[in-house]
Protein chains: 2
Amino acid sequence: MTDTTISEKTVAEVAAAAAGAARAFAATAPRERGAALVAVADALDAHAAELIAIAMRETGLTEARLTGELKRTSWQLRLFADTIVDGAYLDARIDAADPEYVIGPRPDVRRVLEPVGPVLNFAASNFPFAFSVAGGDSAAALAAGCPLVVKAHSGHLELSRRTAEVVTAALAGAGMPEGVFQLIEGQANGVELLKDERIRAGAFTGSTHVGRLLADIAASRPRPIPFYGELGSVNPAYATYADQALLDGFVASVAGSAGQLCTKPGFLFVPEDADLTSVPAAAGAVAEHRLLNPGIGRAFAGRRDAVLGAPGATVLSAGEIREDEAGQRYATPTVVAVDVDTLRAHQEELLEESFGPLSIIVRYTDAAVLPELHRDLFPGNLTATVHARPEELADGSLADLVDALADTSGRVLFGGWPTGVSVTPAMQHGGPYPATTSDATSVGTAAITRFLRGVAYQSAPQELLPAPLRDDNPWGVPQHRSAAGGSTEWGSFAR
Amino acid sequence: MTDTTISEKTVAEVAAAAAGAARAFAATAPRERGAALVAVADALDAHAAELIAIAMRETGLTEARLTGELKRTSWQLRLFADTIVDGAYLDARIDAADPEYVIGPRPDVRRVLEPVGPVLNFAASNFPFAFSVAGGDSAAALAAGCPLVVKAHSGHLELSRRTAEVVTAALAGAGMPEGVFQLIEGQANGVELLKDERIRAGAFTGSTHVGRLLADIAASRPRPIPFYGELGSVNPAYATYADQALLDGFVASVAGSAGQLCTKPGFLFVPEDADLTSVPAAAGAVAEHRLLNPGIGRAFAGRRDAVLGAPGATVLSAGEIREDEAGQRYATPTVVAVDVDTLRAHQEELLEESFGPLSIIVRYTDAAVLPELHRDLFPGNLTATVHARPEELADGSLADLVDALADTSGRVLFGGWPTGVSVTPAMQHGGPYPATTSDATSVGTAAITRFLRGVAYQSAPQELLPAPLRDDNPWGVPQHRSAAGGSTEWGSFAR
């Protein structure tokens with residue numbers, strides 16, 4: 001087993017090890033790399049009891065939640081294995097040489113997506129499995145063939161180290177080159193490595209403040225690199241009605257995992273005459289839940305004070321915060337109600353994401369203002385949700401609102417709640433800033449494209465072509481061929 | 001015909017017009033948008049004589065070159081029409097709801113690539129058609145369905161205005177919404193618009209200095225946006241031999257369009273014993289060619305002085321620069337030779353791109369040092385070229401070099417010269433910084449992906465889904481379906 005922690009290596013040594021593994025890892029066939037991902041998934045599943053016990057102690061999350069999260073994490077690795085195995089993700093394109101090409105003789109040109117090189121992934125606090133050491137960004141980078149360095153989140157260091165051991169052993173057992181996976185600790189080390197020329201892309205899940213700081217570092221390097229950060233989102237929901245079932249679902253979504261989810265609905269818009277009398281009881285019935293760590297607890301307490309103190313806010317459920325002797329805070333849900341004018345007037349107190357069990361219900365008098373209001377106040381979110389009656393969904397009256405939501409969000413939901421993101425080919429978890437620093441998704445199989453770049457080979461001998469571009473196609477990948485004589489596979493419109 | 005120049009609108013009005021067109025333009029079917037691109041191509045072809053005459057006067061480029069470039073430009077528009085018409089570029093994905101999904105019940109999720117919104121494209125000086133008003137970035141943005149604002153290059157303003165009139169009329173004639181295409185002038189206006197929240201992506205072709213400035217502005221906005229800049233490249237070529245035919249080809253590639261091409265080979269590595277005696281005659285036989293504008297002429301003269309003055313440089317062809325009374329400069333090719341040690345020792349004078357007819361031949365004694373030398377000195381280029389004998393291409397001895405070239409370049413050529421980029425599905429024109437500010441391509445059909453972002457719709461009623469995601473599939477696009485029951489179209493590896 002190779003060294004996995006920064007305590008045993010300098011940052012420069014970590015970068016060198018990652019860079020040293022890049023070529024051999026990039027050359028692995030998708031089937032081999034897929035088998036390695038499955039080996040990691042199997043190893044995580046085999047160590048589930050041990051890992052979940054550590055995670056419960058370090059994060060305060062429940063066994064049920066963590067059991068589901070680990071299952072999701074190993075499934076995610078399997079899904080990426082499945083995604084790469086047929087090689088379609090390589091988008092191999094082969095243009096035959098064409099002496100009669102309309103704009104002049106064209107050579108044989110072949111293009112394939114290749115791994116960008118070493119990736120540095122900053123783990124999140126709130127998903128100690130699914131967005132951490134072996135989480136989605138890690139799975140996508142490894143699937144793409146990029147050596148990976150994970151910067152552990154300080155909130156679950158023991159879990160990070162143990163997970164890293166499991167991952168490292170599984171990758172080694174599957175024959176992957178040494179250096180393809182490394183763990184580092186400490187924000188300063190993470191920043192130093194992000195500035196290292198050998199790192200070719202960054203990934204991050206966390207706060208807007210830290211994410212923007214890191215994105216700015218990546219962009220201001222002598223040679224900038226892409227930085228895929230998932231920063232902040234308040235996930236507004238718009239309801240044309242609000243019955244008790246809807247409000248109970250809302251409170252459950254706000255309270256789950258103590259509201260420490262990037263897709264928690266932070267705002268629910270309801271008609272002025274909606275009956276909200278069930279909310280206090282629903283919120284009051286939620287048991288207290290520990291916040292992830294003292295820093296998050298402190299920040300949440302501050303946000304809660306600001307929201308509760310906003311002029312014009314009606315408190316539906318004040319919730320409670322209790323601090324124990326270790327500085328950990330335990331919270332029950334806070335829900336306030338405001339009208340649209342109050343929201344507009346007190347954006348400073350109200351609009352910022354509250355990372356914890358808090359949400360704001362906004363009463364509106366005129367649904368027609370919602371599309372413009374949304375564009376003004378919520379320019380970038382992971383999700384936006386619509387709750388409407390079937391006849392309203394069918395009659396076209398919501399088209400302007402849906403257009404505004406799609407223009408500003410990565411995922412638009414109709415019914416249901418945005419928490420509980422599934423991991424599937426069609427998932428999009430990323431949207432206009434600050435939801436993400438790019439528009440790319442960090443969940444679902446499309447996330448792999450972030451860690452790939454196109455390389456074209458012109459008039460190359462078969463011996464020097466990457467496997468996916470060779471005529472004998474040893475990996476059996478789909479090859480999109482553009483024949484000589486003016487015909488391409490891409491349609492027949494322009495001719 | 002709509003207004004097309006900033007003289008008639010404020011920057012804010014331009015941004016508002018682009019944003020106002022976004023929704024209607026995004027809703028156009030690919031076939032309609034493709035027809036509009038073809039209409040633009042037809043209009044450019046119909047105005048060829050007039051446009052080429054203006055371009056000759058403004059840029060000093062030859063009629064033959066400009067005729068070819070305009071043909072390439074209209075072809076490029078047709079190729080993008082062809083690329084979008086079948087809708088495959090939308091990457092429509094439909095995951096069926098699955099109550100038995102392994103990580104928990106999953107809803108119906110559908111994802112499609114949608115236009116990012118208004119794009120601001122900064123035109124280049126050196127391709128008054130192909131990388132300017134109706135050039136590659138413009139074609140890609142319009143094909144994607146993004147309203148486009150082009151910032152005209154000051155070097156060919158009259159041509160830019162006339163081209164914009166032709167484009168605007170053609171788009172209007174094809175029924176595209178007002179505001180989908182606008183032209184602005186002036187660097188200050190360009191910068192102001194780049195900072196406008198309504199602009200969602202930037203594109204640029206030009207110098208490293210200006211490109212980095214704009215990229216930094218895009219990255220430092222309160223809400224950063226992707227910026228696709230193509231900045232600088234010196235396109236090293238590595239030859240295992242150098243006969244007269246090879247050297248003649250090299251000189252022709254360096255001298256074409258007075259060396260003012262982003263793919264001009266700025267360095268040619270040859271064995272120490274290569275016979276370079278034919279170079280002075282070949283370079284001396286090239287007629288003088290005007291540089292694009294006084295600023296470029298002045299900068300080239302400065303770079304030429306620096307290279308000619310570098311200690312250890314042997315002048316093979318000094319070339320000449322003549323300045324006329326209007327401040328335009330006319331040049332013949334400059335070629336110098338250095339050895340590897342001199343190149344390493346005088347990187348400051350030698351490594352920077354010389355935008356004009358100048359190149360440096362580097363003599364090496366040991367081919368084994370080339371891969372590491374290349375990685376050290378040339379970390380980011382559009383292209384890299386190998387010239388080798390057939391037996392060398394076949395025997396594996398070049399594998400390390402090719403790996404280094406692919407790791408640092410967007411396109412690797414075997415034989416031939418990198419100038420004369422073809423426009424095809426497999427072309428890649430973009431590579432690690434500073435070749436481009438992202439790894440994306442700005443030439444070829446893959447360039448469209450820069451102006452698209454994924455949006456997912458969860459449990460959406462058919463009436464509110466975008467056309468490509470509807471079950472009745474009115475545009476007839478390929479829909480990748482992931483069925484319930486654990487099977488996907490993406491392979492069968494993980495199950």
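**Close-up views of the predicted model**

**Figure 1. Gly284(B) has its place in helix α10 (residues 278-284) of chain B.** As in the other views, the coordinates are those of a predicted model. Gly284(B) counts as exposed, because its relative accessibility is 60% and the exposed class covers values over 50%. The view also includes Ala318(B), which is separated from Gly284(B) by 34 residues in sequence, while the C-alpha atoms of the two residues are 9.0 Å apart in space.

**Figure 2. Strands β10, β13 and β12 of chain B form an open sheet in that order.** The pairing in this sheet of three strands is antiparallel. β10 (289-290) and β12 (321-323) of chain B each have a single partner strand and stand at the edges, so one side of each is left without a neighbour in the sheet. Between β12(B) and strand β13 (residues 329-331) of chain B there are three bridges, and the two strands run antiparallel. Within β13(B), Ala331(B) is the residue that stands opposite Ile321(B). Helix α11 (residues 294-308) of chain B packs on the sheet and touches β12 and β13 of chain B. The direction of α11(B) makes about 50 degrees with that of β13(B).

**Figure 3. Helices α3 (residues 48-59) and α4 (residues 63-85) of chain B cross at roughly 130 degrees.** Their axes come within 10 Å. The two helices are therefore oblique to each other, and their crossing is right-handed. On the side of α3(B), the contact consists of Ala48(B), Ile52(B), Ala55(B), Met56(B) and Thr59(B); these meet Glu63(B), Leu66(B), Thr67(B) and Leu70(B) in α4(B). Sorted by class, the residues of this contact are six nonpolar, two polar and one charged.

**Figure 4. Strand β1 (residues 92-95) of chain A is covered on both faces.** Ala92(A) and Ile94(A) lie on one side of the strand, with Arg93(A) and Asp95(A) on the other, and all four are buried. β1(A) is joined by four bridges to strand β19 (residues 479-482) of chain A, and these two strands run parallel. In that pairing, Ile94(A) has Arg481(A) of β19(A) as its bridge partner.

**Figure 5. Strand β1(A) also pairs with strand β2 (residues 109-115) of chain A.** This pairing is antiparallel and extends over three bridges. The bridge partner of Asp95(A) in β2(A) is Val109(A). Asp95(A) is one of the buried residues of β1(A).

How values were computed: Residues numbered from 1 in each chain as written. Chains lettered and ligands numbered in written order. Predicted model: local features only at pLDDT ≥ 70, side-chain atom pairs only at ≥ 80, totals over all residues. Heavy atoms only, no water. Buried < 20%, exposed > 50% of the residue type's maximum accessible area, 1.4 Å probe, protein only. Pairing = 2+ DSSP bridges. Axes fitted to C-alpha atoms, helices over the stretch in contact; angles between N-to-C directions. Parallel < 35°, antiparallel > 145°, perpendicular 65-115°, else oblique. Left-handed = near helix turned anticlockwise from the far one by under 90°. Contact = heavy atoms within 4.5 Å. Nonpolar A, V, L, I, M, F, W, Y, C, P; charged D, E, K, R; others polar.
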